[in-house]
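The following paragraphs lead the reader through the structure shown here. They proceed from the ends of the chain to the interior, and close with the ligand.

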Amino acid sequence: ADSLRALAAKIGLRVGTAIIPYDLDHPDYAAIAASQFSVVTPGNEMKWQVVEPTQGTYDWSGGDRLVQFAQEHGQLVRGHTLVWHNQLPDWLVQGVNNGTISNAQLRDLLHKHIVDEVTHFKGKIWQWDVANEFFANSWDPHPLPDGINGDDFWVQHLGEGIIADAFRWAHQADPHALLFYNDYNIAGEDGTNAKADAVYNWVKKMLAEGVPINGIGDQGHLDTQYGFPTKMQEDLQRYADLGLKVAITEADVRTFVTDATTQQPTDPLAPYAQANYYDGMLKACLAVKNCISYTVWGFGDADSWIPGFFSGEGYANLYDVNLQPKPAYTALQQTL
Ligand code: XIL
């Protein structure tokens, strides 16, 4: 049967994956990355912590490696991510915490970070995740009135207007890149839909103010222990109706496993539930004309972030720890 990328190409969809650039040295990994996917995202290598480990010294090697692989294989690149509260360089966080970096200096540092990174990759990035995970979840104690997380590192130091500034700075540095706001639980996953409503109202306001935002990315980190987010299509459509592109940016579907190494599901039906969830997200995307890409957060379970972040869970990707395709892979293939 045809590859995911070949099938998706026929309907104008890009199907993507996060990549660990150094894993591209493994031929089996590189072969799947090249043959199945038409857009790639660096899992970590464009985050600030990685690109500027020491103040003033850039390391673009991981990102450059990925861009080169993409160009060799006719793939596009999603840049991820310019402003986020996680995976910041130690020197930055320490400087802020011990008072050697003032808020005015922090703003200048962020501006420089965005301009330098977007300029370095100028012309090579299809979609940039400019801002990541700024909205409060139901369990976050200090949401601002519009739903932005008042405890966010950037919001605390620079105010929520920094998000719009980040988009303006990125746009100036590469006017052709599509600029995305990216977050989780913003397309039907959250029971009350409060977070999705907040993002919707915020982005509508940003557009009215002329902020250069082109798209909304829903990460799509699902878990078989919760119901499938049946409002996903409706929520994606609502963003699209504002004239925005939408994308699924980090899809994976975790489940409980016997152990973190073999990642065998404890429930024998989990592989089929997982297939339905992956397929459901794809169908939601396919039903929305402006949904331009469907990206999974890595393809082999051996590389998944899930066992390290969700205790007792795993088996989240399309391929198992031995890079054998699962029912979820077949489900996507059949739908495409
Ligand atoms: C994860 C990476 O996959 C891990 O390797 C890293 O240790 C932590 O970050 N949402 C995001 C991604 O936007 O950047 C995160 O990636 C997963 C959650």
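Two residues are taken to be in contact if their C-beta atoms, placed from the backbone, lie within 7 Å. This criterion is applied here to a predicted model. By it, the cover over the buried residues of helix α13 includes α1 (4-10) and α11.

Helix α13 comprises residues 327-335, and its buried residues are Ala328, Tyr329, Ala331 and Leu332. Because these residues cover an arc of only 160° around the axis, they lie on the same side of α13. The general geometry of the α-helix is relevant here: with 3.6 residues a turn, residues three or four places apart point the same way.

An unreviewed UniProt entry places the feature "domain: GH10" at residues 1-335. The end C-alpha atoms of that span lie 12 Å apart, and its composition is 39% helix and 17% strand.

In the interior, the largest nonpolar core contains 88 residues. Val130, Ala166, Ala170 and Tyr278 are the residues with the most contacts inside this core. Helix α11, residues 270-286, gives the most to the core, with 8 residues. The surroundings of Ala170 illustrate the packing: if residues up to four places away in sequence are not counted, Ala170 touches Leu82, Ile114, Val118, Trp128, Val130 and Leu179.

The ligand, finally, is surrounded by Gly43, Asn44, Asn132, Gln219, Glu250 and Trp305. What is the character of the shell around the ligand: nonpolar, polar or charged? Its residues divide into 1 nonpolar, 4 polar and 1 charged.

Note on methods
Residues are numbered from 1 along each chain as its sequence is written. This is a predicted model: local features need pLDDT of at least 70, side-chain atom pairs count only at pLDDT 80 or more; totals for chains, interfaces and linings use all residues. A residue is near a molecule or strand if its C-beta atom, placed from the backbone, lies within 6 Å of it. Ala, Val, Leu, Ile, Met, Phe, Trp, Tyr, Cys and Pro count as nonpolar, Asp, Glu, Lys and Arg as charged, and the others, Gly among them, as polar. A nonpolar core is a set of buried Ala, Val, Leu, Ile, Met, Phe, Trp, Tyr and Cys residues joined through C-beta atoms within 7 Å. A residue is buried if 20 or more other C-beta atoms lie within 10 Å of its own, exposed if 12 or fewer, and partly exposed in between; C-beta atoms are placed from the backbone. Helices (H or I, at least four residues) and strands (E, at least two) are DSSP runs, numbered from the N terminus. UniProt positions are given in the numbering used here, feature names are shortened, and annotations may be inferred rather than shown by experiment. The arc is that of the directions from the helix axis to the C-beta atoms.
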